Amino acid sequence: MQASSLTQAKLSKPFDLDDWQGGNQALKEEFDYPITDIEGEIPTELQGTLFRNIPAMLDVDGHLVHHPFDADGMICKITFDQGKAYFRNRYVRTLGYCREREKGEISYRGVFGTEKPGGWLANAFDFRLKNVANTNIYYWGGKLMALWEASHPYRLDARSLETLGIETLNGVLKEGTPFAAHPMIDPGSADREPRYVTFGIRALGVATRLNIYELDAEATVVKHHAHYLPGFAFMHDFVITPNYCLFFQNPVDFNPLPFVLGKKGPAECMKFRQDDFTKVWVTSRHDPSYLHSLKVKSGFVFHHANAFEEGDEIVVDSVAYRDFPSINHNLSFHEVDFDEVPSSQLWRYRFNLKTKETRRQQLETRACDFPYVNPAYIGRPHRWIYLAAAAPEEANGPNQVVMKIDANTGEQHLHSFAPRGFVGEPVFVARSADAQADTAEDDGWLLVVVYDAKHQRSDIVVLDAQQIERGAIATLHLKHHLPYGLHGSFSRKVWL
Ligand code: CO
């Protein structure tokens with residue numbers, strides 16, 4: 001690119017990197033307060049609690065973690081009650097969090113490259129990884145669980161956010177048992193109970209053990225079975241239908257040597273085979289012995305929106321990166337150049353279980369991630385997908401736009417917070433608390449955390465999901481910023 005056109009490209013960027021960096025600062029304080037600085041009105045029917053998990057301890061005693069994914073998880077709780085809202089945040093008191101607070105320095109290596117002080121010699125052959133409990137937060141069966149896929153969940157008190165300890169699900173999970181951060185909640189139907197369906201993967205050298213769990217409404221594990229998949233598997237998310245679970249095994253090679261020698265985090269030791277096929281594993285929710293695989297060229301998939309059965313086919317909507325967004329070990333996460341990072345787009349995949357034929361179709365070119373559908377549609381045909389998206393139509397960028405897309409027609413609706421607002425995952429909350437109610441799929445709200453660089457604080461924004469172009473119906477100004485978060489969920493329970 002010529003110098004002049006490069007300048008042009010930089011100038012036309014809808015954001016300023018310094019603005020974006022404002023959301024990459026740690027938040028170490030813990031707060032409790034009613035949110036009183038509100039523009040617009042909170043709908044009085046919006047009753048319940050939004051939980052968010054944020055990797056928020058981005059530095060320890062001034063030493064940056066290598067990647068935000070290595071930062072300790074902080075849970076935020078925004079309670080909506082009769083048109084009012086309340087904020088609380090608490091760090092998950094994991095073993096590692098408590099130890100590092102005591103010592104005042106980084107005491108563990110991170111999956112994404114964080115090192116203990118003292119260079120590679122101090123890090124080599126130390127395979128302990130800190131459970132940072134920083135990826136998702138879910139309330140199910142009376143238990144609020146902070147989730148991090150490589151280890152057990154931590155349980156918190158839903159009202160105080162006090163850490164209660166390791167959650168074992170009545171002894172089914174042991175300390176350190178991998179338990180995914182992306183549960184799929186089967187909403188059930190007239191003849192099926194709702195279920196919390198999830199998985200855990202453990203690398204065993206030449207194979208990977210895939211554990212699948214189903215929890216009933218009391219959080220009792222009612223199904224648990226394991227499959228052994230050949231090779232190394234990195235799987236962050238999955239999808240369900242009433243009859244199947246599907247897992248995308250991205251084509252990656254794993255060379256653990258730099259990790260063993262203390263030079264890199266394990267996630268930095270993965271290499272994506274860009275031209276290779278993704279293996280898609282299909283398991284049955286009823287027959288533990290059923291395991292089939294199909295192949296598709298998918299790109300690198302972290303997140304899925306949803307899946308459903310259609311005749312002999314299973315349709316899966318997912319966000320795929322053209323290439324693995326690998327981590328440059330020599331760069332801090334504060335130095336990200338969005339032009340250098342591969343972008344991700346929304347795709348539809350079709351898998352024919354009879355003929356093994358697979359197809360794919362790109363649904364949208366805009367860079368996006370954090371897909372969300374109306375939870376009542378999990379596992380069955382959906383129309384609308386909500387995403388956090390980049391402001392430029394083609395180029396990559398931080399998420400500044402909330403996008404709503406019709407997966408069948410491509411019809412889309414946008415609301416942009418550019419140039420100075422940066423958005424996280426939009427959580428859809430249906431207006432009706434009855435999941436079986438006969439209401440429009442998009443009749444509800446989107447709850448979005450937006451970092452406002454102008455005021456260096458974060459807002460909780462409520463959008464009408466049927467009219468997102470109209471912008472916020474309520475903007476709740478927090479008294480401080482929140483670092484960029486990962487995932488969250490909404491519970492109909494009101495915890496004050
Ligand atoms: Co995720």
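Mentor: Let's start with a word we'll need a lot: a residue is buried under 20% relative accessible area, exposed over 50%, and partly exposed in between, using a 1.4 Å probe and protein chains only. This is a predicted model, where local features need pLDDT of at least 70, side-chain atom pairs count only at pLDDT 80 or more, and totals for chains, interfaces and linings use all residues. Numbering runs from 1 along each chain as its sequence is written, and side-chain values use heavy atoms, with hydrogens and water left out.

Trainee: What makes strand β32 "mostly covered"?

Mentor: Put its residues against that cut-off: 9 of the 9 residues in β32 (444–452) count as buried. As for the name, strands are DSSP runs of E with at least two residues, helices are runs of H or I with at least four, and both are numbered from the N terminus.

Trainee: How do you know which strands pair with β32, β31 for one?

Mentor: Two strands pair if DSSP finds at least two bridges between them. β31 (427–430) and β32 have 4 bridges, antiparallel, and A430 sits opposite G444 there. β30 (421–423) also runs antiparallel to β32, with 3 bridges, and G421 faces D452. With β33 (457–464), β32 shares 8 bridges, again antiparallel; V450 has D459 as its partner. So each of these passes the test of at least two bridges.

Trainee: What stands out in the turn between β32 and β33?

Mentor: The hairpin has 4 residues between the strands, and Q456 takes a positive phi near 50°.

Trainee: How do you know how far to trust the coordinates, say over residues 1–11?

Mentor: Check pLDDT, the predictor's confidence in each residue, from 0 to 100. The chain averages 93, and 96% of its residues reach 70 or more. Residues 1–11 are below 50, and beyond near neighbours in sequence that stretch has 3 contacts in the model. Contact means heavy atoms within 4.5 Å. Where pLDDT is low, the predicted coordinates should not be read in detail.

Trainee: Why are the buried residues of helix α3 placed on the same side?

Mentor: The buried ones in α3 (95–103) are G96, Y97 and E100. They cover an arc of only 100° around the axis, so they fall on the same side of α3. The arc is that of the directions from the helix axis to the C-beta atoms. On the other side, L95 and E102 are exposed. The cover over the buried residues includes β3 (48–57), β4 (59–60), β6 (72–81) and β7 (84–91). After α3 comes G104, with a positive phi near 75°.

Trainee: Both faces of β35 are said to be covered; what makes that so?

Mentor: In β35 (488–491), G488 and F490 are buried on one side, and S489 and S491 are buried on the other. β35 runs antiparallel to β3, joined by 4 bridges, and L50 has F490 as its bridge partner.

Trainee: Which are the edge strands in the sheet β8-β9-β10-β11?

Mentor: That is an open antiparallel sheet of 4 strands. β8 (136–140) and β11 (163–166) are the edge strands, since each pairs on one side only. β10 (154–156) and β11 pair antiparallel over 3 bridges, with Y154 opposite I166. The sheet of β16-β17-β20-β21 is also open and antiparallel; its edges are β16 (239–240) and β21 (291–296). β20 (278–284) and β21 run antiparallel with 6 bridges, T278 being partnered with V296.

Trainee: Why do you say the listed histidines gather at one spot?

Mentor: The unreviewed UniProt entry lists H182, H236, H303 and H487 under "binding site". They span 306 residues in sequence, yet no two of their C-alpha atoms are more than 12.4 Å apart, so they do gather at one spot. UniProt positions are given in the numbering used here, feature names are shortened, and annotations may be inferred rather than shown by experiment.

Trainee: And H182: buried or exposed?

Mentor: Buried: its relative accessible area is 9%, and the limit is under 20%. H182 lies in the loop between β11 and β12 (184–186). Leaving aside neighbours within four places in sequence, H182 has contacts including H236, H303 and H487, as well as N136 and D237.
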